[in-house]
Amino acid sequence: MTDKISHCSFCGNHKDTVKKLIVGESVAICSDCVELCESLIADDSTVETDKTGEVQYDPESIKSFLDDHIIGQDHAKIVLSVAIANHYKRINHPPKHLDITKGNVLLIGPTGSGKTLLAKTVAKYLKVPFVVTDATSLTEAGYVGDDVESMISMLLNAAGGDKALAERGIVFVDEIDKIARKSEGSSITRDVSGEGVQQALLKLVEGTICRVPATGGRKHPGGDMVEVNTKNILFIGGGAFVGLKEIIDTRLNGTSIGFGALIKDSHKEGDLTQVTPDDLTKFGMIPEFIGRFTTTTSVSNLNKQELIQVLTKVRNNYIDQYTYLLGVDNITLEFTPDAIEQLADNTIKLNTGARGLHTELEKCLMPHMYHTKKYRDNNVTTLTINREQVVSPKVVGLP
Ligand SMILES: Nc1ncnc2c1ncn2[C@@H]1O[C@H](COP(=O)(O)OP(=O)(O)OP(=O)(O)O)[C@@H](O)[C@H]1O
Ligand SMILES: [Mg+2]
């Protein structure tokens with residue numbers, strides 16, 4: 001029976017086209033699939049657990065997990081790891097005669113630099129439900145749009161209707177800078193999408209009982225509504241805060257007219273790591289809101305070397321993803337080092353952070369992915385992408 005198996009049962013490749021084929025009673029697996037399985041298993045096992053399988057909450061373990069998935073952003077990783085460790089310490093070891101304030105986190109920095117990825121990876125580490133919500137779609141209750149309670153509804157959904165689990169979850173409020181107060185004069189008409197939403201978020205972020213519709217098919221006493229306590233839900237706000245750097249700059253150097261402007265040599269370039277609550281208030285966040293996000297940290301634009309690492313080194317990187325996709329058609333995808341550099345250079349010009357890598361890679365592989373059948377028919381099994389291929393993507397080597 002076994003000598004009849006000549007193909008991998010998982011990818012279907014013939015034994016002559018793979019390094020090794022391990023054959024069992026009725027199935028076989030090739031060395032490539034073994035490697036893939038290994039990496040999938042390794043991905044989960046990097047979460048540090050103690051003997052009882054409990055997740056380790058010490059900041060160094062969290063940071064090292066983040067290092068596997070996110071390139072650079074060292075400072076943000078450290079600050080976030082400590083905030084997370086403290087948050088779960090506070091929940092898991094509640095003090096008897098002390099009330100430890102919840103410290104929600106604010107992540108500031110340019111687009112495509114890893115803010116959402118950081119929050120997502122933290123949730124993966126902690127094995128708690130996690131939702132990404134968009135602050136721009138939120139409005140005050142009573143206006144058209146989602147009210148802030150909808151975020152808790154989503155979290156309950158992500159927890160499969162398990163209220164206790166939802167109450168330990170993480171809500172990532174993306175684009176939080178978009179709910180900044182519009183301008184000093186905006187109070188004439190009601191600022192439903194800005195200050196009003198900040199006001200509505202205050203209670204929720206601080207800790208309140210929120211009544212949301214039951215989900216996940218679980219029956220709850222009290223009908224269709226579930227009371228979720230948001231006291232232990234961690235809120236992470238993320239946003240690009242375009243214009244904040246200039247506010248910091250002005251604070252450091254004085255205004256551009258007057259005395260400060262004369263001393264050009266002493267001009268201090270502001271950067272987001274120096275942000276103060278006052279800067280955020282000037283930006284348009286109300287002080288009560290800022291007061292509830294006690295930990296603020298920033299991410300910065302990735303440089304060329306870091307972009308190259310995002311492309312090639314990080315777990316679940318884009319190149320591995322496309323290699324897999326073309327591998328399904330038995331085409332081995334290879335990149336020359338100068339092609340990788342060109343991809344990074346092109347990406348920097350896009351100004352969309354690491355997200356641009358995906359765009360660039362897709363553009364360069366598009367003609368090849370379209371013609372996979374032709375490659376197969378002509379027995380082309382290896383596709384090498386060099387610098388020219390990145391500059392002007394076209395199908396080569398086919399009759
Ligand atoms: N530091 C990084 N390390 C590895 N991958 C990254 C990094 N930054 C961004 N990426 C990649 O870029 C994609 C987009 O990043 P992410 O969604 O975290 O951006 P963001 O900072 O939240 O941007 P935005 O302000 O537009 O929401 C990620 O899915 C990931 O593939
Ligand atoms: Mg984001």
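Does Asp 249 count as buried or exposed, and at what relative accessibility? In this predicted model, Asp 249 has a relative accessibility of 15% and counts as buried, because the limit for a buried residue is under 20% relative accessible area. The partner of Asp 249 is Lys 245, with which a salt bridge is formed, the closest N and O atoms being 3.9 Å apart. Lys 245 itself is partly exposed, its relative accessible area being 29%. The two residues belong to helix α8, which spans residues 244–253, and are 4 residues apart, about one turn of the helix. In general, side chains of opposite charge can pair when their charged atoms come close.

The structure holds 19 salt bridges, and others among them involve Lys 304. A salt bridge joins Glu 341 to Lys 304, with 3.1 Å between the closest N and O atoms. This pair links distant parts of the chain, as Glu 341 is in helix α14 and Lys 304 in helix α12, 37 residues apart. Glu 341 is partly exposed, with a relative accessible area of 33%. Lys 304 likewise counts as partly exposed, at 25% relative accessibility. Lys 304 also forms a salt bridge with Asp 345, and here the closest N and O atoms are 3.3 Å apart. This second pair again links distant parts of the chain: Lys 304 lies in helix α12 and Asp 345 in helix α14, with a separation of 41 residues. Asp 345 counts as partly exposed, its relative accessibility being 26%. Elsewhere, salt bridges that share partners join Lys 63, Asp 67, Asp 74 and Lys 77 into one network.

The surroundings of ligand 1 were examined next. There are 17 residues around ligand 1, of which Ile 71, Thr 111, Gly 112, Lys 115 and Thr 116 come nearest. The residues of this shell divide into 8 nonpolar, 6 polar and 3 charged. Helix α4, residues 115–126, contributes the largest share of the shell, namely 3 residues. Several polar contacts reach oxygen atoms of ligand 1. A polar backbone atom of Gly 112 is 2.8 Å from an oxygen atom of the ligand, and a backbone N or O atom of Gly 114 lies 3.1 Å from an oxygen atom of ligand 1. Arg 355 takes part through its side chain, a polar atom of which lies 2.9 Å from an oxygen atom of ligand 1. Taken alone, ligand 1 exposes 630 Å², and the protein buries 84% of that area.

Two asparagines stand out in their backbone geometry. Most residues other than glycine have a negative phi. In Asn 316, however, phi is positive, near 60 degrees. Asn 316 is placed in the loop between α12 (304–312) and α13 (318–327). With a relative accessible area of 60%, Asn 316 is exposed. Asn 351 likewise has a positive phi, near 60 degrees. The position of Asn 351 is in the loop between α14 (337–350) and α15 (355–370). Asn 351 is exposed, its relative accessible area being 63%.

A nonpolar patch is also found on the surface. Leu 36, Tyr 324, Leu 325 and Val 328 make up this patch, which covers about 400 Å². Val 328 is placed in the loop between α13 and β10 (332–335). The relative accessible area of Val 328 is 53%, so this residue is exposed.

The final site concerns a polar residue, Gln 389, which is found in helix α17, residues 387–391. Gln 389 counts as buried, at 5% relative accessibility. A polar atom of the side chain of Gln 389 lies 3.1 Å from the backbone oxygen of Lys 394.

Technical notes
Residues are numbered from 1 along each chain as its sequence is written. Chains are lettered from A and ligands numbered from 1 in the order in which they are written. This is a predicted model: local features need pLDDT of at least 70, side-chain atom pairs count only at pLDDT 80 or more; totals for chains, interfaces and linings use all residues. Side-chain values use heavy atoms; hydrogens and water are left out. A residue is near a molecule or strand if one of its heavy atoms lies within 4 Å of it. A polar contact is a pair of N or O atoms within 3.5 Å; within protein, one must be able to donate a hydrogen and the other to accept it, and residues adjacent in sequence count only if both atoms are side-chain atoms. Accessible areas come from the Shrake-Rupley method with a 1.4 Å probe; for residues, only the protein chains shown count as cover. Ala, Val, Leu, Ile, Met, Phe, Trp, Tyr, Cys and Pro count as nonpolar, Asp, Glu, Lys and Arg as charged, and the others, Gly among them, as polar. Buried means under 20% relative accessible area, exposed over 50%, partly exposed in between (1.4 Å probe, protein chains only). Patches are made of residues with over 30% relative accessible area and no salt bridge: like charges are joined within 9 Å, nonpolar side chains (Val, Leu, Ile, Met, Phe, Trp, Tyr) within 5 Å. A salt bridge is a side-chain nitrogen of Lys or Arg within 4 Å of a carboxyl oxygen of Asp or Glu.
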